[in-house]
Amino acid sequence: MSLAASTPPVDYGEQEEQMRVYLRDGEDRAMSLGNRGPIRYTEDGSVHPTILAAYWRYGFYVFENVVSRTELIEIEADLKDILDRLPTERGSPVDASGRPALGVDCCAPTLFWSKPLGDPFGGTKLANGRHPVKMHEPVAAADAPNEVVYLILGSLQFSEACLRLYGHPDILRLAAAINGDDFVPFTDALFIKEPGRGASVAWHQDGVTHWDSPDWDQGVHGVNFMTQLYGSTAANGVWVVPGTHKLGKVDIRARVREAGTERLPDAIPVIAKPGDLAITNRQVLHGSFANTSPDLRVTVNNGFHRRSSVLGVEGGGLHAVAAVFDSDRIRERSRVLGYAIHARRQRFPDEDSYDYEPFRSSGEIHRWDAAAKASMHDYNLLDLSI
Ligand SMILES: O=C(O)CCC(=O)C(=O)O
């Protein structure tokens, strides 16, 4: 797949007019909700409390202008390389140039395929059945491939620029403000929504382990960071139903039934420009529609948890094999954070580098070098999936 390939926009078929109205209304509501703006800190360096209050109120927030143009260009260059190296089709060992394809030597779940404009998870038992309703699957152009890769897990092993982004001090300060200074990694991904091809991600709430826990609260399943390489629109972006992270398990089928459509009336799209960063509470009801628009969306996705949500907990098994997460497992998975911070310091030596409290208190030092790079293969087998 190539970014240059232009795909003629397609539409939602007989639902096109309703969809257009929904997208336009959603965009208006997104811009007036009160959960967006630049990242701001108080004098003592804490994330500004009004930002955190809005995040906890709505379950998501859009930070404007977080990632520099220089960094976006580097991420884009890596993305192009990743796309060039994808298998020619599902099951193929080689890319379009005949080289061993990206991800085919990985044991961890890595490449996710869908038919163009399809909804591979909706209405299935996959991923613990957490996507109970299938989204509308518009018809793709006749010349579209049979399948596209729309999601890549373990993405930091394929891109040093994405690894450096993972060490971004604003991202890590926010992760600490939400999950505590001893926050831990969850998983990393690239979501690729090609114009006229990108798959739906049906309505769901993330998180599988803590819904019935006596310790359940609005933040127990952590937070996802979604950096936008090309921006995010109502047509290609994630939609969120504000406040649903406070409700426990939402009856998604009932919501769609009551609305008479999968266009949930109270949902709000993430509207973002290149370099903006959206954060979404993993419990908030969210999803995205098939991308019939002419605009590509690429989200660099990194998740983080509270340590207390993970330590001693049996994982959900969605991103990695289920196991009880002990402190060795957490330390081993957190190594990648150390590499990210060091790789970033090498590339941006004048930046105020993030000082991760668990490394400070344990004295652990992580260096980003060739050996570290080699050790990243399949690192996401250790994802802390809850
Ligand atoms: O980026 C998307 O379209 C979906 C993202 C999502 O559902 C997730 O990260 O849980």
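**Local environments, sheet topology and ligand shell of the predicted model**

Asn65 counts as partly exposed because 14 C-beta neighbours lie inside 10 Å, a number below the 20 required of a buried residue. The structure is a predicted model. Asn65 is placed in the loop between strand 2 (60–63) and helix 3 (69–84). Although Asn65 is not a glycine, its phi is positive, at about 60°. A positive phi, near 65°, is also found for Asp378, a residue other than glycine. Asp378 belongs to the segment after helix 11 (370–374) and counts as partly exposed, with 15 C-beta neighbours inside 10 Å.

The secondary structure of the chain amounts to 11 helices and 12 strands. The radius of gyration of the chain is 20 Å, close to the 21 Å that the globule rule gives for 386 residues, and the chain is therefore as compact as a globular protein of that length. The C-alpha trace spans about 60 × 50 × 40 Å along its principal axes. Of the 386 residues, 48% count as buried. When contacts between residues at least 6 apart in sequence are considered, 84% of them join residues at least 24 apart.

Eight of the strands are arranged in an open sheet with mixed pairing, in the order 1-2-10-7-12-5-4-3. Strand 1 (36–37) and strand 3 (111–114) form the edges of this sheet, each pairing on one side only. Within the sheet order, strand 10 is followed by strand 7; strand 7 (residues 223–228) and strand 10 (residues 277–281) pair in the antiparallel sense over 5 bridges. In this pairing, Phe225 stands opposite Ile279 of strand 10.

In soluble globular proteins, nonpolar side chains tend to be buried together. The largest nonpolar core of the model comprises 99 residues, of which Val240, Leu277 and Ile279 touch the most other members. Leaving aside neighbours within four places in sequence, Leu277 is in contact with Phe63, Val66, Val67 and Ile171, and also with Phe225, Met226 and Thr227. Ile279, another of the three core residues named, is the residue that Phe225 faces across the strand pair.

A further buried position is provided by Ala202, in strand 6 (residues 201–204). Ala202 is buried because 23 other C-beta atoms lie within 10 Å, where 20 or more are required. Apart from neighbours within four places in sequence, the contacts of Ala202 are Asp119, Phe121, Gly122, His131, Val133, Lys134, Met135 and Gly287. By contrast, the C-alpha atoms of Ala202 and Asp84, which are 118 residues apart along the chain, are separated by 28 Å.

The shell around the ligand consists of Phe191, Val201, Asp206, Asn224, Val238, His286, Ser288, Thr299 and Asn301. Classified by residue type, this shell has 3 nonpolar, 5 polar and 1 charged residues. Strand 11 (285–288) and strand 12 (297–305) each supply at least two of the shell residues. Strand 12 is also a member of the open sheet, where it stands between strands 7 and 5 in the order.

Methods
Residues numbered from 1 in each chain as written. Predicted model: local features only at pLDDT ≥ 70, side-chain atom pairs only at ≥ 80, totals over all residues. Near = placed C-beta within 6 Å. Helix = DSSP H or I, 4+ residues; strand = E, 2+ residues; numbered from the N terminus. Nonpolar A, V, L, I, M, F, W, Y, C, P; charged D, E, K, R; others polar. Pairing = 2+ DSSP bridges. Buried ≥ 20, exposed ≤ 12 C-beta atoms within 10 Å, placed from the backbone. Contact = placed C-beta atoms within 7 Å. Rg over C-alpha atoms; globule rule 2.2 N^0.38 Å. Core = buried A, V, L, I, M, F, W, Y, C linked by C-beta atoms within 7 Å.
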